[in-house]
Amino acid sequence: MSKVQIIVDSTSDLSPEIIKNKNIALVPLYVVFGENEYKDGIEITTNDLFEKVNLTGNLPKTSAPTPMDFYNIFHPYIEQGKDIIYIGLSSHLSATVQNSKIAALEFPKDRIHIIDSLNLSSGIALLALQAADYADIGMETKLIVKKVEEMVPKIQTFFAIDTLEYLQKGGRCSAIQSFIGNMLKIRPILKVIDGKIILYEKVRGKKEKTLDALLMNLLKDKKKLDTSRIALIHSLSPKDLEYLKEEVSSLLVFEEILTFEAGCVISSHCGPKAVGIMYSTK
């Protein structure tokens with residue numbers, strides 16, 4: 001059994017099967033509708049989320065796990081004699097990493113290692129899976145941390161958004177921009193750069209054109225791809241996910257093509273029918 005426990009938060013969007021097989025622990029963020037608070041992926045599903053949004057016309061708020069949440073997750077593993085490596089949602093997007101650091105102060109020094117992923121969704125998942133691989137072969141904790149931190153800037157994360165409505169409701173674009181964008185069938189592609197989400201590209205036309213734009217961004221990195229893993233993710237858009245998977249399989253050779261469904265926190269910002277590609281360069 002590994003002496004290192006890998007922990008991520010729910011925005012990593014790892015599937016329950018992989019979490020179990022890789023022995024990765026999960027800390028949920030919160031989704032808040034009015035006075036009701038739900039643990040992402042535990043007390044509310046993505047389907048539930050969109051049903052509530054359609055019913056109320058309002059987006060939920062999201063909040064980070066508290067320091068006490070982290071303490072309660074960390075404590076059993078420390079008691080078991082394990083070191084902990086926590087890989088968290090970008091510090092530019094959430095207080096999640098900061099709260100994990102507060103909790104870590106309650107434990108002996110050098111037992112808990114916090115890595116700011118400077119990423120989200122399956123960008124975090126790729127880091128966590130690599131860390132779990134290292135732990136499985138018995139690599140020392142500090143060396144795992146060093147290697148994963150070196151991997152952080154190499155993770156490439158792109159999302160294609162189907163509608164501007166959720167970005168507008170979340171305050172990320174104005175109502176006028178949303179109206180014009182939807183009228184002209186403009187679909188933005190977002191990219192994570194230095195831990196922040198930026199508008200990377202605007203694609204006008206059918207959804208297939210947007211998906212092909214995602215693939216073109218992947219192919220631009222063809223010569224420097226780490227071909228061990230690629231992650232594809234969707235928010236209630238399985239047909240688009242299957243299209244991406246088939247195209248990636250035909251264009252490139254990866255040892256693993258992982259597919260995930262976006263959880264509630266990511267979906268609340270991206271909206272339904274969003275799809276994403278996450279991979280690492282060498």
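**A colleague's note on the predicted model**

1. A good place to start is the open sheet of 6 strands, ordered β10-β9-β8-β13-β11-β12, with mixed pairing. Two strands count as paired if DSSP finds at least two bridges between them, and strands (E, at least two residues) and helices (H or I, at least four) are DSSP runs numbered from the N terminus. The edges of this sheet are β10 and β12 (256-261), each with a single partner strand, so one side of each is left without a neighbour in the sheet. From one strand to the next, the twist averages 20 degrees; axes here are lines fitted to C-alpha atoms, for helices over the stretch in contact, and angles run from 0 to 180 degrees between N-to-C directions.

2. Before going on, please keep in mind that this is a predicted model, where local features need pLDDT of at least 70, side-chain atom pairs count only at pLDDT 80 or more, and totals for chains, interfaces and linings use all residues. Residues are numbered from 1 along each chain as its sequence is written, and side-chain values use heavy atoms, with hydrogens and water left out.

3. Back to the sheet edge at β12: strand β11 (residues 225-234) pairs with β12 in the parallel sense over 6 bridges. To find this pairing on screen, look for I233, whose bridge partner in β12 is F260. As background, strands of a sheet pair through backbone hydrogen bonds, either parallel or antiparallel.

4. At the other edge, Y200 lies in strand β10 (residues 196-204). With 34% relative accessibility, Y200 counts as partly exposed; buried means under 20% relative accessible area, exposed over 50%, and partly exposed in between (1.4 Å probe, protein chains only). Together with I193 and I198, Y200 forms a nonpolar patch on the surface, with about 220 Å² of accessible area in total. Such patches are made of residues with over 30% relative accessible area and no salt bridge, like charges being joined within 9 Å and nonpolar side chains (Val, Leu, Ile, Met, Phe, Trp, Tyr) within 5 Å. The areas come from the Shrake-Rupley method with a 1.4 Å probe, and for residues only the protein chains shown count as cover.

5. Another open sheet has 3 strands in the order β4-β3-β5, with antiparallel pairing. Here β4 (36-39) and β5 (61-63) stand at the edges with a single partner strand each, so one side of each has no neighbour in the sheet. Neighbouring strands of this sheet are turned by 30 degrees against each other on average, direction ignored. Strand β3 (residues 30-33) pairs with β4 in the antiparallel sense over 4 bridges, and V32 stands opposite E37 in β4.

6. For the overall picture, the chain contains 11 helices and 13 strands. Its C-alpha trace spans about 55 × 50 × 30 Å along the principal axes. A compact globule of 282 residues would have a radius of gyration near 19 Å, and the chain agrees, with 19 Å; this radius is taken over C-alpha atoms, and the globule rule is 2.2 Å times the number of residues to the power 0.38. Buried residues make up 53% of the 282 residues.

7. How many salt bridges does the structure hold? There are 7, a salt bridge being a side-chain nitrogen of Lys or Arg within 4 Å of a carboxyl oxygen of Asp or Glu. One of them joins K22 and D133, with the closest N and O atoms 2.7 Å apart. K22 lies in the loop between α1 (16-21) and β2 (24-27) and D133 in helix α5 (residues 122-136), so the pair ties together parts 111 residues apart in sequence. K22 is partly exposed at 24% relative accessible area, and D133 is also partly exposed, at 21%.

8. A further salt bridge links D83 and R111, the closest N and O atoms being 3.0 Å apart. This pair connects distant parts of the chain, with D83 in strand β6 (residues 83-88) and R111 in the loop between α4 (96-104) and β7 (112-116), 28 residues apart. D83 is buried, with a relative accessible area of 19%.

9. Finally, two residues to visit in the helices. C270, in helix α11 (residues 264-270), counts as buried at 9% relative accessibility. L55, in helix α2 (residues 46-56), counts as exposed at 74%.
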